[in-house]
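This report describes how side chains pair and pack within one protein chain. It treats aromatic rings, charged pairs and nonpolar cores in turn.

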Amino acid sequence: MPPNKGDARWLEAAARLAARGRPVSRPNPAVGAIIVRDGVVVGRGWTRAGGRPHAEAEALAAAGEQARGATLYVTLEPCAHQSPRGPSCASLIAGSGLAAVVVGVQDPDSRTAGQGIARIEQAGIAVRVQPLPVVEASLAGYLMQRRHGRPHVTLKLATSLDGCIALADGTSRWITGEAARAHVHAMRARYDAILVGGGTMRADAPRLDVRLEGLTDRSPDRWVLTRGAAPDGWRALPTPQAIATMDQVQYLYVEGGAQTAAAFLAADLVDRLMLYRAPIVIGAGRAAIGDIGLVDLGTAHGRWRLQDRRTLGSDLLEDYERTPCSQA
């Protein structure tokens with residue numbers, strides 16, 4: 001089934017819906033689904049807490065009989081495997097009377113991997129796959145786990161104009177202003193786990209929670225990079241490479257300090273870099289990042305692509321993603 005000009009619009013809307021399920025949908029991916037009939041949305045859904053109901057099931061329930069002859073736009077290929085918690089989405093769709101299904105990303109899970117699409121097509125429903133960067137981005141954590149066996153990693157840095165994260169004596173409260181700090185809390189609410197280095201934990205005793213009204217229950221699990229034991233309420237990660245062992249973590253937020261940031265960068269395990277820059281100059285302060293082993297400036301170029309820039313109060317946020325050529 002050839003692409004349709006309207007596919008991108010509705011798939012992008014489904015991707016925005018999917019964001020509502022993150023991170024409470026774990027261990028399932030946060031998926032979004034929209035059912036459109038004659039240009040009107042008749043049903044929509046996103047993956048709910050604990051992974052059920054799935055986005056497609058919710059959208060079909062909302063649409064009811066209006067699903068007949070309509071088109072379903074879904075960010076991830078509908079699952080093909082039966083679960084103790086309910087039928088597969090592919091089976092639900094096969095009996096729905098839908099005229100067409102548009103899929104943003106084919107599922108790399110071997111239990112589905114093309115089988116969901118095949119089951120739907122066997123029921124006489126047309127299927128087309130429309131890859132879009134915004135849809136891939138909405139599933140970044142899930143896809144990273146399935147394709148590379150590790151979480152998607154975001155490194156957050158809050159620095160002065162001259163690249164410092166603290167005064168020489170370690171004082172760092174506050175580099176950035178209230179608007180930037182509130183944005184960081186909103187970001188924390190989207191992650192399964194948050195990590196700092198052992199030195200940061202001992203020096204600052206950070207809470208690493210979400211302190212925004214309505215989102216306090218979204219605080220991520222707390223991890224510390226250390227080869228020793230973690231304190232109560234924390235979990236220990238011995239090395240950056242050990243993120244592959246983090247159970248049910250699709251999205252990891254790394255907040256510091258300098259040596260932890262360097263360790264993840266040196267290991268080529270940072271997928272997104274969020275740099276909050278305050279309009280201050282510190283001078284002889286503490287650098288944001290330690291030695292990453294760079295010996296050739298040429299290899300530093302072309303690794304990061306700016307995807308967003310915005311002001312937050314008096315601060316500047318620059319949001320970078322790692323370029324595909326350097327993807328682990």
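Tyr191, Tyr251 and Tyr253 form one aromatic cluster in this structure, which is a predicted model. Within the cluster, tyrosine 191 and tyrosine 251 make an edge-to-face pair, with ring centres 6.2 Å apart and planes at 85°. Tyrosine 191 belongs to the loop between H7 and strand E8 (193-197), whereas tyrosine 251 belongs to strand E11, so the pair ties together parts that are 60 residues apart in sequence. Both tyrosine 191 and tyrosine 251 are buried. Tyrosine 251 also has a charged neighbour: arginine 22 lies over the face of its ring, at 3.6 Å from the ring centre.

**Other aromatic contacts**

The whole structure contains three aromatic pairs. One of them joins tryptophan 10 and tyrosine 73 in a tilted arrangement, at 6.3 Å centre to centre and 35° between the planes. Why does this pair count as tilted? Its angle of 35° is neither under 30 degrees, as stacked requires, nor over 60, as edge-to-face requires, and the pair is therefore classed as tilted. Because tryptophan 10 is in helix H1 and tyrosine 73 in strand E3 (residues 71-76), the contact ties together parts that are 63 residues apart in sequence. Tryptophan 10 is buried, at a relative accessible area of 12%, and tyrosine 73 is likewise buried, at 6%. A further charge-over-ring contact involves arginine 181, whose charged end sits over the ring of tryptophan 174, 4.4 Å from its centre.

**Salt bridges**

Side chains of opposite charge can pair when their charged atoms come close. The count for this model comes to 21 salt bridges, and the table gives examples.

| Salt bridge | N to O distance |
|---|---|
| Glutamate 58 and arginine 48 | 2.7 Å |
| Aspartate 271 and arginine 150 | 2.9 Å |
| Arginine 188 and glutamate 255 | 2.7 Å |

In the salt bridge between glutamate 58 and arginine 48, the first residue lies in helix H2 (residues 55-63) and the second in the loop between strand E2 (40-46) and H2, so the bridge ties together parts that are 10 residues apart in sequence. Glutamate 58 is buried, with a relative accessible area of 19%, whereas arginine 48 is partly exposed, at 30%.

The salt bridge between aspartate 271 and arginine 150 connects two loops. Aspartate 271 is in the loop between helix H9 (258-266) and strand E12 (272-277), and arginine 150 is in the loop between helix H6 (140-148) and strand E6 (152-159); the pair therefore ties together parts that are 121 residues apart in sequence. Aspartate 271 counts as buried at 5% relative accessibility, and arginine 150 counts as buried at 5%. Both residues take part in a network of salt bridges that links Arg150, Asp268, Asp271, Arg303 and Arg322.

Arginine 188 and glutamate 255 form another bridge. This pair links distant parts of the chain, helix H7 (residues 178-188) and strand E11 (residues 251-256), 67 residues apart. Both partners, arginine 188 and glutamate 255, are buried.

**Nonpolar cores**

Which residues have the most contacts inside the largest nonpolar core? They are Ile35, Leu72, Ile93, Leu98 and Val101, in a core of 39 residues. Helix H1 (residues 7-18) supplies the largest share of this core, six residues. Leaving aside residues up to four places away in sequence, isoleucine 93 touches Glu56, Leu60, Leu72, Pro78, Leu98, Val101, Ile120 and Ile125. A second, separate core has 22 residues, among them Leu155, Ala193, Ala261 and Tyr320.

Key:
Residues are numbered from 1 along each chain as its sequence is written. This is a predicted model: local features need pLDDT of at least 70, side-chain atom pairs count only at pLDDT 80 or more; totals for chains, interfaces and linings use all residues. Side-chain values use heavy atoms; hydrogens and water are left out. A salt bridge is a side-chain nitrogen of Lys or Arg within 4 Å of a carboxyl oxygen of Asp or Glu. Helices (H or I, at least four residues) and strands (E, at least two) are DSSP runs, numbered from the N terminus. Buried means under 20% relative accessible area, exposed over 50%, partly exposed in between (1.4 Å probe, protein chains only). A nonpolar core is a set of buried Ala, Val, Leu, Ile, Met, Phe, Trp, Tyr and Cys residues joined through side-chain atoms within 4.5 Å. Contact means heavy atoms within 4.5 Å. Rings of Phe, Tyr and Trp (its six-membered ring) pair if their centres lie within 6.5 Å; planes under 30 degrees apart count as stacked, over 60 as edge-to-face and the rest as tilted. A charge sits over a ring if NZ of Lys or CZ of Arg is within 6 Å of the ring centre and within 35 degrees of the ring normal.
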